[in-house]
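Subject: Structure for you to look at

Dear colleague,

I am passing on the structure below, together with some notes on what was found in it. Please have it open while you read, since the notes go from one residue or element to the next.

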Amino acid sequence: MTGVAGTERGPVLRVLRAVAYAALPAELVLLTLLLGGVRIPGGVWAGAELVTAGLLAAEAVVWVRLRRRGLSRREALAELVPERVLRLIGHELRLMASLGRWVARRPHGTGGAAGVFPHARDQAALMYGFAFVCLVETVGMSWLLAGRPVVHAVVLVLDVYTVLFVLGLHAAAVTRPHVLADGRLRVRQAAHVDVAVPLERIAAVRRENRFTHEKADGELNLAVGSQTSVTLELSGPVDVVGLLGRVRPVTTVRLHADDPKALYEAVRDAVAVTRARTAPSPGQDPLPTA
């Protein structure tokens, strides 16, 4: 985007980011001191809030200028906020949105699908257990900190958000099943993995129950309850974008479904149809299955 952001992307944005990187740790230090019972002079708090307000105002001005120079809202925001921060914020928002979809029974990305394959059942007990432990911890901390209202309020907010986060992870898995549609198998895990695998790139599909998954180059393991039940071998690499934006190619995808037989058969048949439509050469081997 050089030439669009112009000089705004140079010294101005570098200064704004430097101030932001310094201001955030300073705010955390002040909050820690406050929770520890240290009395913070009013002038220090006023100065910190003044810096924060000034930073937000400056970023708003630069954002408007970037928009006027032709950048979209997302592009302008990406100029001001590091990509990794944006990705983390987006992940948190998707988790919270998943809670609403879960309650409303509205799965994500399943419209017009030829096949929908849920995969969250085998992790439900574990996630509910985590949520219950977090809830018990919330109640216990509320009782222990009842005499310190400021600390109690901060810890309560953090504890409640932790419970919502755990439930959001499960809700994201429930509302984002694997989807077979438009010549692709869309494999997903919660709100942080979403990969579209073209059917013509699937060289082999087999049912394979695995309970151990060592990290290896070129492999994507989407385990649920520490297990995968279907393996896809690809004829060419597919790019997988990580939570923080790291891209890596994979040629083997292992995933799980509540009904692995249905997923296996649907993918096998869809790949066979795709191969027939593309008129393979007479010497091409049939789709290996297991």
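A convenient place to begin is Arg206, which is partly exposed, with a relative accessible area of 23%. Please keep in mind throughout that this is a predicted model, and that the values given here are computed from it.

Arg206 forms a salt bridge with Glu208, and the closest N and O atoms of the two are 3.7 Å apart. Glu208 is itself partly exposed, its relative accessible area being 22%. Glu208 also forms a salt bridge with Arg254, where the closest N and O atoms are 4.0 Å apart. This second pair links distant parts of the chain, since Glu208 lies in strand E5 and Arg254 in strand E8, 46 residues apart. Is Arg254 buried or exposed? With a relative accessibility of 7%, Arg254 counts as buried, because the cut-off for that word is under 20%. These contacts belong to a network of salt bridges that links Arg206, Glu208, Arg210, Glu219, Glu233 and Arg254.

The structure holds eight salt bridges. One of them joins the side chains of Arg121 and Asp122, at 3.6 Å from N to O, and Asp122 is partly exposed, with a relative accessible area of 34%.

The strands that carry several of these residues are worth following next. Strand E5, residues 202–210, runs antiparallel to strand E7, residues 228–241, and six bridges join the two; within this pairing, the partner of Arg207 is Val230 in E7. E7 in turn pairs with strand E8, residues 247–255, in the antiparallel sense over eight bridges. Along that pairing, Val238 stands opposite Val250 in E8, while Val240 stands opposite Arg248 in E8. The hairpin of E7 and E8 has five residues between the strands, and in it Gly245 takes a positive phi near 100 degrees. E8 is also joined to strand E6, residues 219–221, by three bridges, and here the two strands run parallel. In this pairing Asn221 stands opposite Arg254, the residue that also forms the salt bridge with Glu208.

The last element to describe is helix H7, which covers residues 260–277. H7 has 18 residues and reaches 26 Å from its first C-alpha to its last, close to the 26 Å expected at 1.5 Å a residue. Which residues of H7 are buried? They are Pro260, Leu263, Tyr264, Val267, Ala270, Val271, Thr274 and Arg275. These residues cover an arc of only 140 degrees around the axis, and therefore they lie on the same side of H7. The spacing follows a general pattern, because an α-helix has 3.6 residues a turn, so residues three or four places apart point the same way. On the other side of H7, Ala276 and Arg277 are exposed. As for what the buried side meets, the buried residues of H7 pack against strands E1 (115–117), E2 (178–181) and E3 (184–189), and also against E5, E7 and E8.

With best regards

Technical notes:
Residues numbered from 1 in each chain as written. Predicted model: local features only at pLDDT ≥ 70, side-chain atom pairs only at ≥ 80, totals over all residues. Heavy atoms only, no water. Pairing = 2+ DSSP bridges. Helix = DSSP H or I, 4+ residues; strand = E, 2+ residues; numbered from the N terminus. Expected span 1.5 Å × (residues − 1). Buried < 20%, exposed > 50% of the residue type's maximum accessible area, 1.4 Å probe, protein only. Arc of directions from axis to C-beta. Contact = heavy atoms within 4.5 Å.
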